[in-house]
Structure formats: structure tokens, C-alpha cells
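Please open the structure in your viewer and keep the selection tool at hand. The stops below follow one another, each with a selection to make and a short account of what is found there.

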Amino acid sequence: MESDEERRIARARLPEGVRPETLAVRAALAPSQHGENSEGLFLTSAYVQPDAATSAKRFADMLDFTYSRTSNPTVRSLEMRLAAMEGAEAAIATTTGMSAILLLIMGLLKAGDHVVCSRSVFGSTIGLFGKEFAKFGVETSFVAQTDLADWRAAMRPTTKLLFAETPTNPLTDVCDIAALAGIAHAGGALLAVDNTFCTPALQRPLSLGADVVMHAATKYLDGQGRVMAGALCGSEALINGIMAPVLRTVGMTLSPFNAWVVLKGLETLHLRMKAQSDQALAVARWLAARPEVARVYYPGLATHPQHDLAMRQQSGLGGAVLSFDLQADTPEAARARAFHVIDSTRVLSIATNLGDTKSIITHPATTSHGRLSETQRQAAGIGQGMVRLAVGLEHVDDITDDLLRGLATLPTA
Ligand SMILES: *Cc1c(COP(=O)(O)O)cnc(C)c1O
């Protein structure tokens, strides 16, 4: 005869083959003896052990809970759910997206190792590889996002890691994950993919050959702009064998409260990503037809240079971030036009974030890319006339009406 506890735990085990939408709602630790239907929020630093021998065993094998820097039931539920959604054996949660990359570097690399990274990744990622870890003797070559020959040519015998992010911010350049995995593995290196923009609802890099998926869970995984969080997903050997011991020592452990918020966010991820991508496509098409707009950057448009690849790799959706250029004769005039469109909005948030249900409008040249020199920015293709939108869940006509306030009142160029 099974005990009540055995039946409770057995009941929480999902049948084989349930679909990603179901995993997003259901994958987690079994409920406690109280049978809570919404996963519990365990705000506790320590765990009372039944006796000294059990305590000794738990500290030795690290499977059960001892101290929340090493593991917590709410954080564990988030890790289980995210791993299931990415098709990974395991996941590990961190305080922010950046600390997930910090953990990846500390776990994988040592002085003398070499990294190949896209030149178009998130700005702090460039700083972490190119500046902070250069101090410790880890060298990084930055290459062109979409040029496979450039990635291949940068490989060295000491190359241990390739790091990619797709699509990029704000130009939405898409790289070929399967091709990069081929280049990495031919050189005995691993491929890590920052999957923040697409999330597993659209793109599952591990199924395309990547070895590690990194997330800024701060963005779409939370989905409502509430908490900072990050994660790495990969094999049991990589995540629990290599990353977990480093995290336990270093302590970039996610707070249970933030983990709980993201865990709840994941339940609506598929719906949000589909709806926000559909809205972004509608806004991109609307912008492309406006005479004031010189160019729209969005992978869902047939005119995007990697449109076919993006549709194959991203479940047929473009994601929710797009950018557009306002043309002018000088950088100063272009900036004035971009500022006019941004300042004329009354619904959108002027902020530098993405992944929220609230649409956000950003001027990349003076915010996310503000620390580059004008020459570096020009080389990166991010002009003063560029505006980025992270499309949320307001009515799509209210988003385009809001953009029209500025576009319709621009002084003639
Ligand atoms: C925001 C972001 C990060 C960093 O995440 P934080 O949670 O802010 O540390 C990394 N990569 C991408 C693509 C991001 O958008």
C-alpha cells in the first residue's frame, strides 16, 4: 500500500510526451503536504533536518535542501520548468541575465582560453567578455553576426566557447544556430546561445545543436517587467556537474520570490510570445508603409535579409522587438526626428527594457548604445535616427496611433 506522500508525489509526475504549453504550466516540484495548486513560495534561508545523520547525507549529496544559497524549492521548480521548456536535461537560475553569463564563464573558462562572440550581442555581454574577463587572461574575438566565414576564421586551438545571441538588438540580425554549432563542435568548443529575445516558445537552440542556452529571465520569461533573473540550460553534466558547484560557491543565487514571479510568468509565455509577435508584425508592416520611415528591421518581414532562416528557426514568428530608421541629412537632424517621435507618444513607455506587456520605445544611440563613439555606432549600423520598439499587449491600433502622433507631425525633411 502506497503512503499518502508517495501518492502525492506520483500524482505530480507528468505523463510522457506532454506538449510544451503543458510543461510551461505544470512542470515543477510536487506540491507540499498541503496540496497547493499554485506552486509554493518558500521564503526560507535554511531547512530543518530531522537528525544529524540525514543532515550529513544531504550536505554530502546536495540533492535535498540544506541552505538557500545552494538550493531552494521555489527556485528548483523554476529550473525544472525552464529545463523542460528548453528541452534541456537541467537548468540553473541566477540573479540576472548577466550573472548567468558570469557563471558560464567561471564554470567553463580559465586563463589562456579563447572565446568567439558575435559583435552584435547585448552591450554588457561585450563588456563582460571583452573587458572584465580579458583581465583574467580569457581572450575574446568579436565577429560579424551573420558571416559564418568570419566565425570559422576566428577559431583557434584554444577556443573553448562560441557565444551568440539571435535576433540581435536593435538590428534584429539573425544567425544560423545549427551552422554555428557545427563550427563550434568541429573545433572542440561549445556553443552558447542567448535565447532572451525568442524564448523557448519560439526557438529551442539545444534542438539545433547548441550546448548551452542562456536567458535574461528579466525579459519575456517574467513577461511583465517585475523582477531581474537569469538562467543557464544544458546537459546534466554541464549544469549540475560544472555550473552548480560554482554557483554554490560564488552565490549568484536567484531569490525565491523572483523565481516564483518568473515561474508564474512562464505559464503565459506561449500566449504572450504569439500575441506580441503578431502585434509586432502588424506594427512593422504599418511602419514599412509610412513615408516618414526609411527602413524597418524586423525578422517577420519578407524584406528582412535573414527572413527565411528566422522563420525556420523561430517557429514562423518574428518576436516582439523591431526597429526603424527616420531619415535625415545629418546625425543631428536624424536625432531630432527620432526624439520628436518618441516624445510625441502618450501610451508607450520611454524606457530601456523589453519583454514587458507594456510597449516600450527606445532611442538606442543615446541609451543602450550610448557609450559607443559615433564612428563605432555608424559601423554597427545604429544611427541617430533609429527608434526601437518592444511591442507589448496594448491594442495594436493604440500602438500605431501613438506612433502616428509623432510621425504625422514631423517637420518636412
Ligand atoms: C537584458 C539582456 C541581458 C542581460 O540581462 P539582465 O537580466 O539585465 O542582466 C542579456 N542579454 C540580452 C539579449 C538582454 O536583452
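Begin by selecting strand 1 together with residues 230-234, which form strand 7: the two pair in the antiparallel sense over five bridges. Within this pair, colour Ala90 and look across to strand 7, where Gly234 stands opposite. The model on display is a predicted one.

Next, widen the selection to the whole sheet to which these strands belong. It is an open sheet of seven strands with mixed pairing, and its order reads 1-7-6-5-4-2-3. Strand 1 (90-94) and strand 3 (139-143) are the edge strands, each pairing on one side only. On average, and with direction ignored, neighbouring strands of this sheet are turned by 20 degrees against each other.

Two helices that pack on this sheet may now be added. Select residues 123-132 for helix 6, which touches strand 2 (114-118), strand 3 and strand 4 (159-165). The direction of helix 6 makes about 135 degrees with that of strand 3. Then select residues 177-186 for helix 8, which packs on the sheet in contact with strand 4 and strand 5 (190-194). Between the directions of helix 8 and strand 5 the angle is about 150 degrees.

Remain with helix 8 and trace the loop that lies between strand 4 and this helix; Pro167 is found there. The peptide bond joining Thr166 and Pro167 is cis, with omega about -10 degrees. Pro170 also has its place in the loop between strand 4 and helix 8, and a cis peptide bond joins Asn169 to Pro170, with omega about 0 degrees. Select Thr172 in the loop between strand 4 and helix 8 as well: although Thr172 is not a glycine, its phi is positive, at about 60 degrees.

The next stop is the ligand. Which residues come nearest to the ligand? Of the 14 residues around it, these are Gly97, Met98, Asp194, Thr218 and Lys219. Three polar approaches can be displayed in turn. A backbone N or O atom of Met98 lies 2.9 Å from an oxygen atom of the ligand. For Asp194, a polar side-chain atom is 2.6 Å from a nitrogen atom of the ligand. For Thr218, a polar side-chain atom is 2.6 Å from an oxygen atom of the ligand. On its own the ligand has 380 Å² of accessible area, of which the protein covers 94%.

Show the full shell around the ligand: seven of its residues are nonpolar, four polar and three charged. Helix 5 (97-108) and strand 6 (212-216) each supply at least two residues of this shell.

Now move to helix 3, residues 52-61, and centre the view on its start. There a side-chain oxygen of Asp51 reaches to within 3.2 Å of the backbone nitrogen of Ala53. Met62 follows helix 3 and has a positive phi, near 60 degrees.

Finally, select the other sheet on this tour, an open one of five strands in the order 8-9-12-11-10 with mixed pairing. Strand 8 (293-297) and strand 10 (349-350) stand at its edges with a single partner strand each, so one side of each has no neighbour in the sheet. Strand 8 pairs with strand 9 (residues 321-326) in the antiparallel sense over four bridges; Tyr297 stands opposite Ser323 in strand 9. Complete the view with helix 14 (residues 331-343), which packs on the sheet and touches strand 9, strand 10, strand 11 (360-362) and strand 12 (386-390). The direction of helix 14 makes about 130 degrees with that of strand 9.

Definitions and conventions:
Residues are numbered from 1 along each chain as its sequence is written. This is a predicted model: local features need pLDDT of at least 70, side-chain atom pairs count only at pLDDT 80 or more; totals for chains, interfaces and linings use all residues. Side-chain values use heavy atoms; hydrogens and water are left out. Two strands pair if DSSP finds at least two bridges between them. Axes are lines fitted to C-alpha atoms, for helices over the stretch in contact, and angles run from 0 to 180 degrees between N-to-C directions. Contact means heavy atoms within 4.5 Å. A residue is near a molecule or strand if one of its heavy atoms lies within 4 Å of it. A polar contact is a pair of N or O atoms within 3.5 Å; within protein, one must be able to donate a hydrogen and the other to accept it, and residues adjacent in sequence count only if both atoms are side-chain atoms. Accessible areas come from the Shrake-Rupley method with a 1.4 Å probe; for residues, only the protein chains shown count as cover. Ala, Val, Leu, Ile, Met, Phe, Trp, Tyr, Cys and Pro count as nonpolar, Asp, Glu, Lys and Arg as charged, and the others, Gly among them, as polar.
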